Amino acid sequence: MSKKLILIVEDEVRQATEIALALEETGEYKAILAHDGLQALEQVERNRRWLGFAKNKISTIILDLKMPNMNGLQFLKELRKQEYFVTKMPVIILSAYEDKEKWQEVTDHQSGYVCGYCKKPVNMDELLLALQRIRGAESEVMIRQTLDKQYMKSRELKDVYIEPI
């Protein structure tokens with residue numbers, strides 16, 4: 001079985017490297033890194049097949065939200081604009097932040113469609129389980145579950161004041 005190519009988009013170099021090494025140690029994944037959304041778009045473009053009509057060589061993206069140049073939400077919107085409606089690439093969000101607005105954006109039916117939302121510090125068992133489920137073609141179920149979590153999270157956070165950045 002061939003190794004699945006995972007794009008890790010994380011501006012903290014040490015964190016990105018640790019995740020990449022942990023994934024590659026499983027023997028199931030090959031990791032490539034980008035440290036902001038612009039670099040990630042370059043990697044997605046570099047790994048396109050058949051002018052974007054076939055599935056990208058990248059099987060899943062692990063995406064931080066807060067990064068310089070182009071943040072994760074901006075990248076996700078741009079990625080979704082470039083994709084064809086039947087070729088949504090699975091995305092797992094990594095973030096130290098968990099608020100109502102970010103949940104709504106990453107689960108939006110046009111620009112979101114994320115398969116999972118993992119809080120930092122990264123729990124590698126949780127991340128590996130999410131990747132195994134995606135590999136087992138469960139990404140559509142995971143998107144639905146993330147939407148359900150977003151609904152519950154929005155109810156939980158409805159009375160929480162979030163300081164503007």
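A residue counts as buried when its relative accessible area is under 20%, as exposed when that area is over 50%, and as partly exposed in between (1.4 Å probe, protein chains only). Keep that in mind for the views below, which all come from a predicted model: local features need pLDDT of at least 70, side-chain atom pairs count only at pLDDT 80 or more, and totals for chains, interfaces and linings use all residues. Residues are numbered from 1 along each chain as its sequence is written, and side-chain values use heavy atoms, with hydrogens and water left out.

**View 1. The whole protein, with six helices and five strands.** Helices (H or I, at least four residues) and strands (E, at least two) are DSSP runs, numbered from the N terminus. Walk along the chain from the N terminus and you meet β-α-β-α-β-α-β-α-β-α-α. Of the 165 residues, 45% are buried. A contact means heavy atoms within 4.5 Å. Take the contacts with a separation of 6 or more: 71% of them join residues 24 or more positions apart. The accessible surface comes to about 9600 Å², and carbon and sulfur atoms hold 52% of that. Such areas come from the Shrake-Rupley method with a 1.4 Å probe, and for residues only the protein chains shown count as cover.

**View 2. Helix H2 (residues 37-46) against helix H3 (residues 72-82).** Two packed helices are described by the angle between their axes and the distance between the axes. Here the axes come within 10 Å and cross at roughly 25°. The axes are lines fitted to C-alpha atoms, for helices over the stretch in contact, with angles running from 0 to 180 degrees between N-to-C directions. H2 and H3 are therefore roughly parallel to each other; the cut-offs are under 35 degrees for roughly parallel, over 145 for roughly antiparallel, 65 to 115 for roughly perpendicular, and oblique for the rest. The crossing of H2 and H3 is right-handed, meaning that the near helix is turned clockwise from the far one by less than a right angle (anticlockwise would be left-handed). Which residues of H2 and H3 meet? On the H2 side they are Gly37, Ala40, Leu41 and Val44, and on the H3 side Phe75, Glu78, Leu79 and Gln82. By class, the contact of H2 with H3 has five nonpolar residues, two polar and one charged. For these classes, Ala, Val, Leu, Ile, Met, Phe, Trp, Tyr, Cys and Pro count as nonpolar, Asp, Glu, Lys and Arg as charged, and the others, Gly among them, as polar.

**View 3. Zooming in on Ala40 in helix H2.** Ala40 has 0% relative accessibility, so it counts as buried. Skip the residues up to four places away in sequence, and Ala40 touches Leu7, Val9, Ala34 and Phe75. Leu79 is 39 residues from Ala40 along the chain, yet their C-alpha atoms are separated by 9.3 Å.

**View 4. Helix H1 (residues 13-25) crossing helix H5 (residues 124-135).** The axes of H1 and H5 come within 11 Å and cross at roughly 55°. That makes H1 oblique to H5. The crossing of H1 and H5 is right-handed. Ile19, Ala22 and Leu23 of H1 make the contact with Met124, Leu127, Leu128 and Leu131 of H5. The contact of H1 with H5 has seven nonpolar residues, with no polar and no charged ones.

**View 5. Lys4 in strand E1 (residues 4-9), and Gly27 in the loop between H1 and strand E2 (29-34).** Lys4 is partly exposed, at 33% relative accessibility. Beyond its neighbours within four places in sequence, Lys4 is in contact with Glu28, Tyr29, Lys30, Ser59 and Arg135. Gly27 is also partly exposed, at 40%. The C-alpha atoms of Gly27 and Lys4 are separated by 9.6 Å, with their positions 23 residues apart along the chain.

**View 6. Ser95 in strand E4 (residues 91-95).** Is Ser95 buried or exposed? Ser95 is buried, with a relative accessible area of 1%. Leaving out residues up to four places away in sequence, Ser95 touches Asp64, Leu65, Tyr117, Cys118, Lys119 and Lys120.

**View 7. Two backbone oddities, at Pro121 and Asn69.** Most residues other than glycine have a negative phi, and most peptide bonds are trans. The peptide bond from Lys120 to Pro121 is cis, with omega near 0°. Pro121 sits in the loop between strand E5 (116-119) and H5. Asn69, which isn't a glycine, has a positive phi, near 65°. Find Asn69 in the loop between strand E3 (58-64) and H3, where it is exposed, with a relative accessible area of 62%.
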